[in-house]
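Here is a short tour of one model, written to be read with the structure open beside you. Take a look first, and then we can go through a few of its parts together.

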Amino acid sequence: MTVKDVRDILGAKVLAGENHLEDEVRSACGADMMSDVLAFSKDHSVLLTGLCNPQVIRTAEMLDIVCIVFVRGKNPDESMLKMAEERNLIILSTGHRMFSACGMLYQAGLDGGAV
């Protein structure tokens with residue numbers, strides 16, 4: 001699945017990384033605790049979160065996360081978007097709740113992977 005597919009499935013807005021929408025994602029993780037995300041260390045994944053702070057960008061960079069989707073309509077500030085652009089991260093925002101967004105991606109075939 002590509003990030004463009006994720007965007008379309010979730011009806012999300014692209015906030016950063018528009019030129020990387022064809023990047024592949026192989027799995028997804030939904031979490032607000034970055035310690036949980038660190039335990040989930042799959043390559044080429046998408047992170048769904050409601051936590052909107054710079055630590056999310058730093059965590060994504062460490063784990064080779066391709067795309068961050070902010071749920072519940074959360075929008076990062078300009079400094080976070082700049083950090084994401086510098087790291088070639090794609091940032092999306094959707095109005096869906098995390099549970100619904102994860103379910104939609106799972107139903108479309110995106111795997112969560114084994115823990």
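## Two helices side by side

H3 and H4 are roughly parallel to each other. This is a predicted model, and in it the axes of these two helices cross at roughly 10° and come within 9 Å. An angle under 35 degrees counts as roughly parallel, so the crossing of H3 and H4 earns that description.

Which residues make the contact between H3 and H4? On the H3 side they are Pro54, Ile57 and Arg58, and these meet Met80, Met83 and Ala84 of H4. Sorted by character, the residues of this contact comprise five nonpolar, one charged and no polar.

## The two faces of H4

Helix H4 spans residues 78–86, and its buried residues are Met80, Leu81, Met83 and Ala84. Viewed down the helix axis, the buried residues of H4 lie within an arc of 155°, so they line one face. A general point helps here: an α-helix has 3.6 residues a turn, so residues three or four places apart point the same way. On the face of H4 turned away from the buried side you will find the exposed residues Glu78, Lys82 and Glu86.

What covers the buried residues of H4? The cover includes helix H3 (54–62), along with strands E1 (13–16), E4 (65–70) and E5 (90–93). Following H4 comes asparagine 88, with a positive phi near 60°.

## Serine 45 in strand E3

Now turn to strand E3, residues 45–49, where serine 45 has its place. Is serine 45 buried or exposed? Its relative accessibility is 1%, so serine 45 counts as buried.

Setting aside neighbours within four places in sequence, serine 45 is in contact with Val25, Ser27, Phe40, Asp64, Ile65, Val66 and Cys67. One of these partners, Cys67, comes up again with the cysteines.

## Cysteines without disulfides

How many disulfides does the structure hold? The count is zero. A disulfide is a covalent bond between the sulfur atoms of two cysteines, so the distances between sulfurs are worth a look.

For cysteine 52, the closest cysteine sulfur belongs to cysteine 67 and is 14 Å away, which is too far for a bond. For cysteine 67, the closest cysteine sulfur is that of cysteine 102, at 12 Å, and this is also too far for a bond. As for their surroundings, cysteine 52 has 28% relative accessibility and so counts as partly exposed, whereas cysteine 67, at 0%, counts as buried.

How values were computed: Residues numbered from 1 in each chain as written. Predicted model: local features only at pLDDT ≥ 70, side-chain atom pairs only at ≥ 80, totals over all residues. Heavy atoms only, no water. Helix = DSSP H or I, 4+ residues; strand = E, 2+ residues; numbered from the N terminus. Buried < 20%, exposed > 50% of the residue type's maximum accessible area, 1.4 Å probe, protein only. Contact = heavy atoms within 4.5 Å. Arc of directions from axis to C-beta. Disulfide = S-S within 2.5 Å. Axes fitted to C-alpha atoms, helices over the stretch in contact; angles between N-to-C directions. Parallel < 35°, antiparallel > 145°, perpendicular 65-115°, else oblique. Nonpolar A, V, L, I, M, F, W, Y, C, P; charged D, E, K, R; others polar.
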